[in-house]
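Please open the model in your viewer and keep the selection panel at hand, since each stop on this tour begins with something to select.

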Amino acid sequence: MATGTKEIHFEEDVVKYLTRDLGNFAEYTCKDTTVYNKELCLIEEDAIAFIKETQPKVYEAIYAQYGLNTDAKIIQNLAKSIKTNKTLKTFREGQIKMVGQTIKMCYFKPNHNRSPEHLELYNKNKLTVIRQLKYSRLNENSLDVAVFVNGLPVVTMELKNALTGQYLEDAKKQYRNDRDPKETLFEFQRCLVHFAVSTEEVAMTTRLAGKSTFFLPFNKELRNRNPNGFATAYLWEDVLTKDSLLDLIQNYINLQVNEEKFYNPTKREIETKKSEVFIFPRFHQRRAVQNILADVKEKGVGQKYLIQHSAGSGKSNTISWLAHRLSDFYQNPSDDKALFDSTIIVTDRRVLDKQIQDNIRQFEQEPGAVAYIDENKTSKDLKKAIEQGKRIIVTTLQKFPVISETVKFLKDRKYAVIIDEAHSSQSGEAARHLRKTLALETAEEQDDKEKDLDEIILDEIKSKGDQPNISFFAFTATPKPKTIEIFGSKDENGKLHPFDHYTMEQAIMEGFILHVLKNYMAWKRYYKLVIKNQENDKEYEKKKAVRVLGNYVDLKDHAIEMKSRIMIEHFTNLTQNQIQGTARAMLVTKSRLHAVRYKLKFDEVMQEMNLPYRALVAFSGTVHDAETGQDYTETSMNNLGGNIKIPDALKLPNFRILIVANKYQTGFDEPMLHTMFVDKKLGGTSTVQTLSRLNRTKKGKDSTMVLDFVNDLEQIQEDFQQYYGSNNMELDDQTDPNSLYDVLNKIENYNLIYKQDLEVFANYFFKKGDHKEKLQPILKEITARVISLEVEDKLNFKADVNSFIRLYRFLAQILKFSDVELEKYYVLLVALLKNLPKEKSHLPYDLVNDVELDSYKLQHQFTIELELESGDTSMQGMTPGGAISGTEDELELLTKILKVLNDTYGLELKEEDRIDFLRMKDKVEQDENLHAYFNPNNTKANIRDRFDDVIDDVLLDFVNTKLDLYNKLTDDKINAAFKQFWFNELYNKRMNG
């Protein structure tokens with residue numbers, strides 16, 4: 001229990017807990033600073049005592065050679081080994097060799113009890129704590145607490161008590177200013193970790209570098225709390241306990257070699273800078289792995305775990321540590337073998353995460369025990385690795401479907417599957433193949449002959465759903481509702497939630513990523529379209545017409561140029577000076593054609609401005625521009641030459657802006673990205689994933705900027721808020737399994753699929769043998785029936801089929817289905833959907849021939865910080881959805897559509913203006929004289945003249961009361977346009993009903 005208000009009381013509390021009496025032993029021994037050898041940086045008596053007690057025969061052999069000088073010789077060689085191999089390697093690999101003997105300096109806890117003598121050796125490890133350690137040969141300086149394992153230093157701590165007015169920053173300053181990194185104890189990799197500790201917060205570093213020392217937060221949560229003592233007591237009550245500390249040394253701490261590409265201005269080329277980083281796990285990383293292992297120990301194989309860790313969480317390291325631990329995990333110490341035969345890391349990235357590979361190799365004790373099935377290897381290599389029982393296999397999701405029908409396993413095989421960046425692709429057909437590939441209940445061919453059709457289908461259903469021989473561990477920063485439903489854990493209140501979470505809020509607060517909504521600049525476009533020929537006014541579906549017209553406007557050269565100039569001017573005036581003059585920007589466009597036209601316009605404007613850099617463009621395939629007749633590819637437009645890739649080219653000084661169309665919006669990690677120009681509608685996870693390209697930290701980068709021309713800022717804020725905290729899902733909001741039967745009932749009501757079709761198709765599909773060609777006549781007949789439907793029914797049917805397939809794929813992963821008919825319908829509908837002819841686009845692209853852009857302008861609305869609130873969020877499950885509404889999209893005159901667009905983008909009416917405008921509209925339409933003009937005996941021109949006179953009279957009423965509105969509505973262009981649009985609408989209404 002924490003007592004006292006001074007630093008010494010804080011120190012006493014730490015040491016008292018570490019040395020507490022646990023019955024007949026204590027984990028730590030407290031010793032005086034005089035036992036510490038300042039020159040050799042170790043406790044000699046601990047090292048010798050450990051060797052004598054754990055390796056008596058080794059000690060005797062050395063003693064036979066050196067006699068009374070044995071201890072001195074051992075300490076001399078130990079010091080030499082540490083200087084050469086550093087502390088961690090000395091602990092792990094036993095590098096001290098003398099007279100043909102190898103001395104081990106640590107025994108780690110065994111995973112099983114088949115060698116009880118190993119556990120006895122583990123219990124003989126000696127942990128020592130020293131208060132006020134005098135570490136220097138040059139002075140009497142001391143640090144608050146030091147921890148040793150078998151005489152070797154592993155942890156130092158500087159403590160500060162908030163009640164004395166001393167805080168975490170004071171502890172950091174002490175390390176930076178008063179702890180000379182040239183001292184032996186503070187040399188890189190000599191002591192494993194240094195903790196700055198206050199009564200409220202903890203920070204750590206593995207490398208002291210004077211004033212440049214960089215500390216990482218090591219907090220249990222965003223705000224540490226402890227009702228029973230110091231808020232930071234978790235450090236010594238959990239992390240520094242014997243089992244935990246030795247586990248960290250054995251399984252977590254590691255040396256990484258990071259590679260960073262940069263531009264060398266002297267050599268004028270891209271170079272790679274390598275740096276050594278000594279990794280000590282952050283609190284949430286260790287917590288996630290430890291809690292998962294504890295749950296697996298309790299529940300065994302067949303569970304699912306969702307780990308929601310934000311960008312900046314160190315996910316690659318966490319995955320590596322988890323894979324390493326699972327690959328040699330024993331559920332019970334008495335088990336004959338490890339729980340999992342293979343641990344498979346599945347990533348959506350075709351180029352495997354190099355950091356994951358490098359990290360796992362550090363823990364690879366048996367050469368060849370880890371298989372990396374990257375883009376240069378085939379599915380056969382993956383199949384071979386699984387059949388050989390490789391302990392860890394790292395591969396891509398895309399390779400599983402290829403081998404799902406060919407791999408057969410023994411019934412006792414068990415798998416741990418770690419999914420890197422779990423999202424929708426893991427809840428689709430590829431993931432179903434993955435489960436099927438690893439299914440343990442694979443019947444032999446001769447058994448199938450003895451089973452009836454329903455039994456075969458039930459086996460198929462089992463192979464696609466949850467498997468009792470597979471445990472899933474899914475990592476993502478932005479889980480969708482269905483991700484939570486598939487992988488989430490249910491609490492006592494029926495809520496689904498991530499098994500472990502490290503939130504975006506905590507990552508931002510701790511400085512691992514930047515808050516990308518701090519500087520958000522909103523722009524709005526205003527434009528006016530007019531009809532070329534009033535006599536050819538046509539009817540179009542409103543929503544589709546608005547979409548086509550909006551796209552038409554955004555592709556116009558005038559619109560592209562205006563936005564391009566705004567972006568380039570912003571970049572040259574502000575962005576290019578950020579991050580010590582190295583900042584980059586990204587433009588996110590709505591289509592490949594938009595990206596092409598932006599690239600051409602950027603090149604033109606940049607050349608005009610005589611800028612020393614250009615823009616890069618990224619899109620897939622070939623884009624044909626119908627206006628110019630030209631074909632474009634990103635290779636031809638960038639003209640990089642050689643094998644240089646776009647991410648590397650962006651580091652060159654002659655490329656500062658990257659224009660993208662559905663590329664580099666996820667997984668692209670470039671810390672120099674400072675500004676993002678958004679000209680594409682975002683939503684949900686795509687909002688967070690796209691804008692988060694800016695959040696990577698870098699020295700000199702203290703801000704980001706977003707210029708958005710399209711999106712609603714409230715929606716952007718809402719999307720980020722969804723992932724700012726952790727996500728929960730109420731049980732009542734989960735997907736209703738009965739919705740699947742509702743959709744199937746709608747499909748059956750079309751009476752297109754007969755029961756005979758269903759049974760015959762299933763018989764051919766599921767029975768062994770080459771019957772696939774017999775499926776086509778059945779599909780052909782059903783397809784003909786679908787094609788004969790009316791257009792609306794055809795669209796609704798396809799939408800219902802899509803909805804059924806989507807729901808069944810999803811629900812099969814979270815429920816135990818035994819309904820054979822559902823599986824029969826599933827396989828038939830999947831095949832049918834592929835067989836149906838693709839519907840031609842119903843978008844009315846021809847209407848752009850009837851209009852022209854009359855005016856276009858962009859207006860800066862405001863620059864704002866979109867604030868996010870602390871706290872958790874809730875999500876809802878899937879709904880059937882997808883089917884087209886029974887009512888048609890409202891057909892409206894193009895003039896009314898234009899009026900809607902111009903009301904939104906052109907007139908800029910205030911609220912009081914709108915009210916007066918509506919009153920004016922009522923007054924005009926209720927004019928009895930005007931009403932009399934609308935008759936078959938009158939010409940349209942006469943009616944129009946009278947209509948214009950009435951409007952002009954009404955407008956005169958505004959001169960004295962609403963002058964501003966009068967000026968807007970009597971502007972030549974607006975006046976002519978809105979009179980024309982209004983008249984056509986009224987004429988059609990009165991004359992045609």
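The tour below goes through a sheet and the helices on it, and then turns to salt bridges.

Before selecting anything, bear in mind that this is a predicted model.

**The sheet**

Begin with the open sheet of seven strands, which pair in parallel and follow the order β16-β17-β15-β18-β19-β14-β22. At its edges you will find β16 (370-372) and β22 (500-502), and because each has a single partner strand, one side of each is left without a neighbour in the sheet. If you look along the sheet, the twist from one strand to the next averages 15 degrees.

Next, select β15, residues 342-347, and display β18, residues 415-420, beside it; the two run parallel and are joined by six bridges. Within this pairing, Val346 has Ile419 as its bridge partner, while Thr347 stands opposite Asp420. Turning to β17, you will see that five bridges join this strand to β15, again in parallel, and that Thr347 here stands opposite Thr396.

Now show the side chains of β15 and ask which of them point the same way. Ser342, Ile344 and Val346 point one way and Thr343, Ile345 and Thr347 the other, all of them being buried.

**Helices on the sheet**

Select helix α10, residues 315-326, which lies across β14, β15, β17, β18 and β19 and runs at about 175 degrees to β18. Then add helix α12, residues 379-387, which packs on the sheet by touching β15, β16, β17 and β18, and whose direction makes about 155 degrees with that of β17.

**Salt bridges**

The model has a count of 37 salt bridges, and three of them make useful stops. For the pair Lys31 and Glu45, the N to O distance is 2.7 Å; Lys31 lies in strand β1 and Glu45 in helix α2, so the pair ties together parts that are 14 residues apart in sequence. Glu45 is partly exposed, at a relative accessible area of 45%.

Move on to Glu561 and Lys601, whose side chains meet at 3.6 Å, N to O. Because Glu561 lies in helix α20 and Lys601 in helix α22, this salt bridge ties together parts 40 residues apart in sequence. Lys601 is buried, with a relative accessible area of 5%, whereas Glu561 is partly exposed at 22%. Widen the selection to Asp557, Glu561, Arg565, Lys601, Glu604 and Glu608, which salt bridges with shared partners join into one network.

Finish at Glu670 and Lys651, which meet in a salt bridge of 2.7 Å, N to O. Glu670 is buried, with a relative accessible area of 3%, and Lys651 is buried as well, at 15%.

How values were computed: Residues are numbered from 1 along each chain as its sequence is written. This is a predicted model: local features need pLDDT of at least 70, side-chain atom pairs count only at pLDDT 80 or more; totals for chains, interfaces and linings use all residues. Side-chain values use heavy atoms; hydrogens and water are left out. Two strands pair if DSSP finds at least two bridges between them. Helices (H or I, at least four residues) and strands (E, at least two) are DSSP runs, numbered from the N terminus. Axes are lines fitted to C-alpha atoms, for helices over the stretch in contact, and angles run from 0 to 180 degrees between N-to-C directions. Contact means heavy atoms within 4.5 Å. Buried means under 20% relative accessible area, exposed over 50%, partly exposed in between (1.4 Å probe, protein chains only). A salt bridge is a side-chain nitrogen of Lys or Arg within 4 Å of a carboxyl oxygen of Asp or Glu.
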